[in-house]
Amino acid sequence: MKEPTICPKFEKAISLLSQRWTALVIYQLLSGPQRFSEIQSAIGISGKVLSERLKELEEKEIVNREVIPKTPVVITYSLTEKGRSMEPIIRTIESWSSKWVPLETE
């Protein structure tokens, strides 16, 4: 009997979203363009890791990096059309987690 196989595109998508911090960065950018420091403080990620994630997402055309030539230079990050198309997925996960994922109490 032939074993079922996972679609390679699905596997790649899950791999991307399951990478640590990636989904949270996308979630944060759903509210609109933000500066590096805004993203960092909102999700509590180290600057090094955030920089890596933003570069990866920019390479995959999910995030857009815009340099605004002011003094000092302002850099903002926003979702591309491709990134924004993930909103229903992220919102579904948000809804599911609200219902089914308990908060850990210390």
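**A walk from strand S3 outwards**

Let's start with strand S3: five of its six residues are buried, so the rest of the structure largely encloses this strand. Keep in mind as you look around that this is a predicted model.

What order do the strands take in the sheet? The sheet is open and has three strands, running S1-S3-S2 with antiparallel pairing. Strand S1 (34–35) and strand S2 (63–68) sit at the edges with a single partner strand each, so each of them has one side without a neighbour in the sheet. H2 packs on this sheet and touches S1, S2 and S3, and its direction makes about 100 degrees with that of S3.

Now for the pairings themselves. S2 and S3 are held in register, in the antiparallel sense, by six bridges. You can check this at Arg 65, whose bridge partner in S3 is Tyr 77, and again at Ile 68, which stands opposite Val 74 in S3. The link between S2 and S3 is a hairpin of five residues. On the other side, S1 and S3 pair over two bridges, also in the antiparallel sense; here Arg 35 stands opposite Thr 76 in S3.

Next, the interior. In soluble globular proteins, nonpolar side chains tend to be buried together. Which residues touch the most other members of the largest nonpolar core? They are Ile 62 and Val 63, out of 17 residues in that core. At least two core residues come from each of helix H2 (22–29), helix H3 (36–43), helix H4 (47–59) and strand S3 (74–79).

Ile 62 is worth a closer look. Leaving aside neighbours within four places in sequence, Ile 62 is in contact with Leu 16, Ile 26, Leu 57, Ser 78, Leu 79, Thr 80, Lys 82, Gly 83 and Met 86. Leu 16 and Leu 57 turn up again around Thr 22: not counting residues up to four places away in sequence, Thr 22 touches Leu 16, Arg 53 and Leu 57. Thr 22 belongs to helix H2. Is Thr 22 buried or exposed? With a relative accessible area of 1%, Thr 22 is buried, as the cut-off for that is under 20%.

Finally, the empty space. The largest pocket holds about 270 Å³. Ile 62 appears here too, in a lining that also includes Lys 12, Leu 16, Lys 60, Lys 82, Met 86 and Ile 89. Which helix gives the largest share of that lining? That is helix H1 (residues 8–18), with five residues.

How values were computed
Residues numbered from 1 in each chain as written. Predicted model: local features only at pLDDT ≥ 70, side-chain atom pairs only at ≥ 80, totals over all residues. Heavy atoms only, no water. Core = buried A, V, L, I, M, F, W, Y, C linked by side-chain atoms within 4.5 Å. Buried < 20%, exposed > 50% of the residue type's maximum accessible area, 1.4 Å probe, protein only. Helix = DSSP H or I, 4+ residues; strand = E, 2+ residues; numbered from the N terminus. Contact = heavy atoms within 4.5 Å. Pairing = 2+ DSSP bridges. Axes fitted to C-alpha atoms, helices over the stretch in contact; angles between N-to-C directions. 1 Å grid on protein atoms, 1.4 Å probe; cavity = no way out; pocket = protein on both sides within 12 Å on 5 of 7 lines; lining within 4 Å. Points joined across faces, edges and corners; volume = space filled by probe spheres on them.
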